[in-house]
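Reader: I'm new to this one. Could you show it to me and explain the terms as we go?

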Amino acid sequence: MSKTNESLMQRRVAAVPRGVGQIHPIFAAKAENAIVTDVEGREFIDFAGGIAVLNTGHLHPKVVAAVQDQLTKLTHTCFQVLAYEPYVEVCEKVAARVPGNFAKKTLLVTTGSEAVENAVKIARAATGRAGVIAFTGGYHGRTMMTLSLTGKVVPYSAGMGLMPGGVYRAQYPCELHGVSVDDAMASIERIFKNDAEPRDIAAIIIEPVQGEGGFYVAPKEFMQRLRALCDQHGILLIADEVQTGAGRTGTFFAMEQMGVAADLTTFAKSIAGGFPLAGVCGKAEYMDAIAPGGLGGTYAGNPLACAAALAVMEVFEEENLLDRCKAVGEHLVTGLKAIQAKHKSIGDVRALGAMIAVELFEGGDVHKPAAALVGQIVAKAREKGLILLSCGTYGNVLRILVPITAPDEVLDKGLAILAECFDELA
Ligand SMILES: Cc1ncc(COP(=O)(O)O)c(C=O)c1O
């Protein structure tokens with residue numbers, strides 16, 4: 001009997017804990033660029049991109065070829081036991097792309113959460129301090145330290161008891177919801193007065209564009225003031241570019257658009273086009289703060305994932321994907337604004353490059369997040385063959401992370417489905 005989504009779902013429910021959520025009741029069988037085919041042979045347009053992992057599309061031929069080639073040579077030694085060149089080359093190439101006119105070193109790990117954990121470890125070792133300031137609505141992962149940093153309790157840390165201490169939360173600036181740059185800066189000054197002195201703070205960690213939090217873009221002015229504040233107090237600035245990095249926002253790293261450099265940058269997701277690779281790149285003097293043996297991991301910087309990352313960076317150059325990213329963003333924003341003109345529930349359409357969000361409010365009232373409507377649109381779009389994701393503190397934001405390699409026809413089909421969904425539901 002051929003497998004169906006329903007029969008596999010029954011097995012999944014019995015075998016996998018419910019804490020591993022699933023947005024769409026679909027089992028993927030294969031995929032190519034921006035199209036996924038499920039186990040029943042139905043095709044879907046993929047506007048989710050595996051949550052920002054597939055900037056170069058599913059199974060980019062160059063990435064596949066690079067991994068196949070690596071597969072015939074070496075799959076594992078553990079870099080700390082026997083090193084291999086692709087790891088070093090990834091570190092060199094990432095360092096050349098991360099903003100900052102200073103000597104850099106790069107550590108490779110496996111997941112975004114692990115990258116953030118290590119960035120905090122490095123900042124603590126480099127400064128001799130323990131505190132970290134993170135932001136409301138920030139998302140940094142699901143491991144214990146990153147759960148402290150993540151500014152959303154349900155579902156991530158609810159019911160799990162106390163998380164690691166020494167984390168203080170400042171306000172992320174967001175004009176749409178009434179938090180100005182001055183308000184956000186004042187919230188940090190309040191932390192210094194109420195919670196911890198600057199000399200106890202090792203780092204401030206920020207997403208240049210919040211991912212899970214709702215795709216809000218940090219104003220350039222805010223990032224610059226944050227940089228100045230960090231310099232004033234000897235605090236390290238960590239840019240969490242796990243979601244924004246690898247070309248999603250129109251530059252290889254979003255910080256390139258902010259006019260200042262972070263001390264440490266975390267990256268993951270699309271850097272290796274679907275293979276598990278992440279890392280921290282930062283000022284060499286800080287990256288060297290931890291003694292030999294204090295960084296690493298058995299699978300960290302796996303050779304297959306490194307080969308994939310080198311191919312991804314080449315593809316970006318060869319196919320001019322940063323330009324394409326801007327074009328994809330403009331194309332989709334134009335289409336989404338046309339839908340917005342007909343529907344009051346769409347309160348905001350925003351994008352940095354191809355990191356695109358549509359925020360829904362009941363009756364257009366910014367104080368009434370329309371989470372239910374977002375859920376209905378995501379479900380209806382799936383029925384019509386489009387895979388979407390939501391995000392935001394209130395779950396009222398539709399987010400688009402379509403492969404940058406998707407052709408215009410696919411973007412237009414996705415837009416047409418979205419327009420139908422709004423016509424039917426909003
Ligand atoms: C900004 C940011 N940081 C960290 C993470 C955690 O990455 P991972 O899920 O690979 O652990 C994510 C994942 O969505 C993220 O968006």
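Author: Sure, let's start with Y139: one of its polar backbone atoms is 3.4 Å from a nitrogen atom of the ligand. This is a predicted model, where local features need pLDDT of at least 70, side-chain atom pairs count only at pLDDT 80 or more, and totals for chains, interfaces and linings use all residues. Residues are numbered from 1 along each chain as its sequence is written, and side-chain values use heavy atoms, with hydrogens and water left out.

Reader: What makes the pair of Y139 and the ligand nitrogen a polar contact?

Author: A polar contact is a pair of N or O atoms within 3.5 Å. The Y139 pair is at 3.4 Å, so it qualifies.

Reader: Which polar backbone atom is 2.8 Å from an oxygen atom of the ligand?

Author: That one belongs to G112. For D240, a polar side-chain atom lies 2.7 Å from a nitrogen atom of the ligand.

Reader: How much of the ligand does the protein cover?

Author: The protein covers 84% of the 390 Å² of accessible area that the ligand has on its own; such areas come from the Shrake-Rupley method with a 1.4 Å probe.

Reader: Why are 3 residues of the shell around the ligand called charged?

Author: Asp, Glu, Lys and Arg count as charged. E207, D240 and K269 are among the residues around the ligand, so they are charged by that rule. The shell also has 2 nonpolar and 6 polar residues.

Note on methods:
Near = heavy atom within 4 Å. Polar contact = N/O pair within 3.5 Å; in protein donor to acceptor, adjacent residues only side chain to side chain.
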